[in-house]
Amino acid sequence: MSTITTSDQVSIHYTSQGSGPTVVLLHGLGSAGCDWQPQIEHLAGRYRAVTVDMRGHGESELAKEGYAIERLARDVLEVMDALTIESAHVMGISMGGALAFQMAVDAPDRVDSLIIVNSGPTARTGSPRYWLYVQLRKLMAWVVSPAKAGPKIAARLFPDPAMEDKRQAFIRQIARMNPVAYRKSLFALLRWDVVAHLGGMRCPTLFLTGAEDYTPPQAKQRFAAMMPNARVEVVPDAHHALPMEYPEVFNACVDRFLEKLESEGDRQTAAAGLP
């Protein structure tokens, strides 16, 4: 098992597969790095795909403290340090998208690009419907364990009857989640906000969103408009767990984004007369 011990003495599990430019994949709340398997298999032929299990998630240690988004982002940077990765493309879904944004705030030189999946720079959208959803999530986190809430959450993530195997995989994964760690992670995410930093984020950024995500594509469009080098791509009929729901479509979107960056980098190198 590949692990590091963080600066605050927590054991963090990670995986690293493939070679080439690094793509760091950051999972969502109640999930784990293994949920990126379709992306790992796809990327590993051309890239180094690194996943990190956040503290209290997957194979990482159930820590008593340290669930703030800033601390979780630091855990990821410490994994990169241990692997001597100077910088990487950072891809995160939901809570993982928040971590990606926080990394871009705290260590912009370590982030080559951002791929933000069904996420944004804050959990506060101003939508009354989403506000109500957040209040229900907070209440559920206090009174219902992740294991018991799993089937209901899975039904929203994978509503297609043909996706029963994906629903069951999600239910099994979230059932492993400690209720206290889940609640601390959720509440930390709901308090977090880096909207004020968007204008200074110059790295290429792709917002990838399902048309049927919890927050509408228009919310991501507003955030992208605040950034110097960001755009939004919407996947029709997709929901919050887009990479698991439609992995082939998702992977193709990621390919186009990364290949464009590579092509632009090659042109800049040629223009500079470098070998």
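Here are four short exercises with worked solutions on this predicted model.

**Exercise 1. Overall build**

Task: Work out how many helices and strands the chain has, and how its radius of gyration compares with the globule rule.

Solution: Start with the secondary structure, where you should find 10 helices and eight strands. Next, take the radius of gyration, which is 18 Å. The globule rule gives 19 Å for 275 residues, and the two values are close, so the chain is as compact as a globular protein of that length. To finish, lay the principal axes through the C-alpha atoms: they fill a box of roughly 60 × 40 × 40 Å.

**Exercise 2. Inside, outside and charge**

Task: Find what share of the residues is buried, then describe the contacts, the surface and the charges of the chain.

Solution: Begin with burial: 54% of the 275 residues count as buried. Then turn to contacts between residues at least 6 apart in sequence; 75% of these join residues at least 24 apart. Now look at the outside, where the accessible surface comes to about 12,400 Å². Carbon and sulfur atoms account for 54% of that surface. Last, count the charged side chains: there are 28 positive and 30 negative ones, and the centres of the two sets lie 8 Å apart.

**Exercise 3. The surroundings of Ala49**

Task: Locate Ala49, decide whether it is buried or exposed, and list its contacts beyond four places in sequence.

Solution: First, place the residue: Ala49 sits in strand β4, which covers residues 48-52. Second, check its relative accessible area. The value is 1%, and buried means under 20%, so Ala49 is buried. Third, leave aside neighbours within four places in sequence and collect the contacts of Ala49, which are Thr15, Ser16, Gln17, Val23, Leu25, Ile40 and Leu43. As an extra step, try a distance: the C-alpha atoms of Ala49 and Pro21 are separated by 8.6 Å, with the two residues 28 apart along the chain.

**Exercise 4. Two residues with positive phi**

Task: For Ser94 and Asn118, give phi, name the loop, and decide whether each residue is buried or exposed.

Solution: Take Ser94 to begin with. Its phi is near 55°, a positive value in a residue other than glycine. Ser94 belongs to the loop between β5 (88-93) and α3 (95-106). With a relative accessible area of 19%, Ser94 falls under the 20% cut-off and therefore counts as buried.

Now repeat the steps for Asn118. Here phi is near 45°, again positive in a residue other than glycine. The loop that holds Asn118 runs between β6 (111-117) and α4 (128-143). Asn118 has a relative accessible area of 3%, so this residue is buried too.

Definitions and conventions: Residues numbered from 1 in each chain as written. Predicted model: local features only at pLDDT ≥ 70, side-chain atom pairs only at ≥ 80, totals over all residues. Heavy atoms only, no water. Rg over C-alpha atoms; globule rule 2.2 N^0.38 Å. Buried < 20%, exposed > 50% of the residue type's maximum accessible area, 1.4 Å probe, protein only. Contact = heavy atoms within 4.5 Å. Areas by Shrake-Rupley, 256 points an atom, 1.4 Å probe, with all protein chains shown as cover. Lys, Arg positive; Asp, Glu negative; His and termini not counted. Charge placed at Lys NZ, Arg CZ, Asp CG, Glu CD.
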